[in-house]
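Trainee: Could you pick one part of this model and go through it closely with me? I'd like to know what sits around it, and then how it ties in with the rest.

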Amino acid sequence: SAYLSADYEKIAALEPDLILAFSDLQAELTRELVKRGFAVFTFNQRSVAEILDAIRVIGGIVGAGARAEALAARFEQGLEDIRSSAGRFGARARVHFEEWDSPLISGIRWVEELVEIAGGDPIFPGLRNASLAADRIVDPAAVIERKPEVIIGSWCGKGVNFGKIRAREGWSGITAVRNDALYEVRSSYILQPGPAALTEGVRQLHAILCEVAGHDVPADLRPEKAFTRSGASKKLQRRD
């Protein structure tokens, strides 16, 4: 299966006992699967709390409720550890998270929540509850007005082009661009509302914000994979 299409014959060949799907965008896929006689459970989680709830529900469905509860509790503790680490920052950086570049789309709810947990302040907090990407399109001029100190891109399915970000009209004066505080977190780590976002994704966000704030990342909170930073070599100033 891809996100919006599926090979129904290959799915049938697997003889699944249960099929899990995500979001209203997969409604037609799940409708067809139900018509073909499969058991389907569709989630629509959009927040950190809902991701944790989905883990607990899946555990209940497959008869592993206690293990799922323990897993969710472990993820919750990990998020609290990162929130506590971010408490060391003398100031919270203003963060512009880009989910797409053309048109410019700001972060979905769970991403913006993870940015806050990691120690940043999203510059478009009022858009986080918009589940549709079309409702989170922002004017590049609005980004300039909000003066982000950090720009983190995760262009769903393609690499972030830092040169393109720098070249946007009027963006050369943005603090994040002047200081070269431009970063990328791969979409597979942050744009899927599941365990990866609650572990590797948020750890990469925290590592980025630690770098901006001039702090070391605690050894037990370091991400397993390296995030991508802009190629220029300007030194970031400590914020505290």
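Mentor: First, the naming: helices (H or I, at least four residues) and strands (E, at least two) are DSSP runs, numbered from the N terminus. Keep in mind that this is a predicted model, where local features need pLDDT of at least 70 and side-chain atom pairs count only at pLDDT 80 or more, while totals for chains, interfaces and linings use all residues. Residues are numbered from 1 along each chain as its sequence is written, and side-chain values use heavy atoms, with hydrogens and water left out.

Let's take strand β3, which covers residues 93-101, and start at Glu-98 within β3. Glu-98 has a relative accessible area of 0%, so it counts as buried (under 20%; exposed is over 50% and partly exposed lies in between, with a 1.4 Å probe and protein chains only). What does the side chain of Glu-98 join up with in a polar contact? That would be the side chain of Trp-155, at 3.0 Å (a pair of N or O atoms within 3.5 Å; within protein, one must be able to donate a hydrogen and the other to accept it, and residues adjacent in sequence count only if both atoms are side-chain atoms). Once you set aside neighbours within four places in sequence, the residues in contact with Glu-98 include Leu-104, Ile-105, Ile-151, Ile-152, Trp-155, Arg-168 and Trp-171 (contact means heavy atoms within 4.5 Å).

Arg-168 is worth a stop. It sits in the loop between α7 and α8 (175-178), and it is buried, with a relative accessible area of 14%. With the same four-place neighbours left aside, Arg-168 touches Glu-98, Asp-101, Leu-104 and Trp-155.

That Asp-101 brings us to salt bridges: a side-chain nitrogen of Lys or Arg within 4 Å of a carboxyl oxygen of Asp or Glu. By that rule you get 18 of them. Asp-101 pairs up with Lys-164, and their closest N and O atoms are 2.6 Å apart. Here distant parts of the chain are linked, since Lys-164 is in helix α7 (residues 162-167) and Asp-101 in strand β3, 63 residues apart. Asp-101 is buried at 7% relative accessible area, whereas Lys-164 is partly exposed at 36%.

β3 has another such link. Arg-94 forms a salt bridge with Glu-149, with 3.6 Å between the closest N and O atoms. Glu-149 belongs to the loop between α6 (140-146) and β6 (150-153) and Arg-94 to β3, so this pair ties together parts 55 residues apart in sequence. Glu-149 counts as buried at 14% relative accessibility, while Arg-94, at 32%, is partly exposed.

Just ahead of β3 is the loop from α4, and Gly-87 has its place there. Gly-87 counts as exposed at 61% relative accessibility. In sequence, Gly-87 and Ala-118 are 31 residues apart; in space, C-alpha to C-alpha, the figure is 9.4 Å.

Now follow α4 across to α3. Helix α3 (residues 48-61) has 14 residues and reaches 20 Å from its first C-alpha to its last, close to the 20 Å expected at 1.5 Å a residue (the expected span is 1.5 Å times one less than the number of residues). Its buried residues are Val-48, Ile-51, Leu-52, Ala-54, Ile-55 and Gly-59. They cover an arc of only 155 degrees around the axis, which puts them on the same side of α3; the arc is that of the directions from the helix axis to the C-beta atoms. Among what covers them are β2 (40-43), α4 (65-86), α5 (109-118) and α10 (195-213). Just after α3 comes Gly-63, with a positive phi of about 75 degrees.

Finally, α10 has a tie of its own. Glu-211 makes a salt bridge with Arg-229, the closest N and O atoms being 2.4 Å apart. Glu-211 is in helix α10 and Arg-229 in strand β8 (residues 228-229), so the pair ties together parts 18 residues apart in sequence. Elsewhere, salt bridges that share partners join Asp-53, Arg-56, Glu-69 and Glu-76 into one network.
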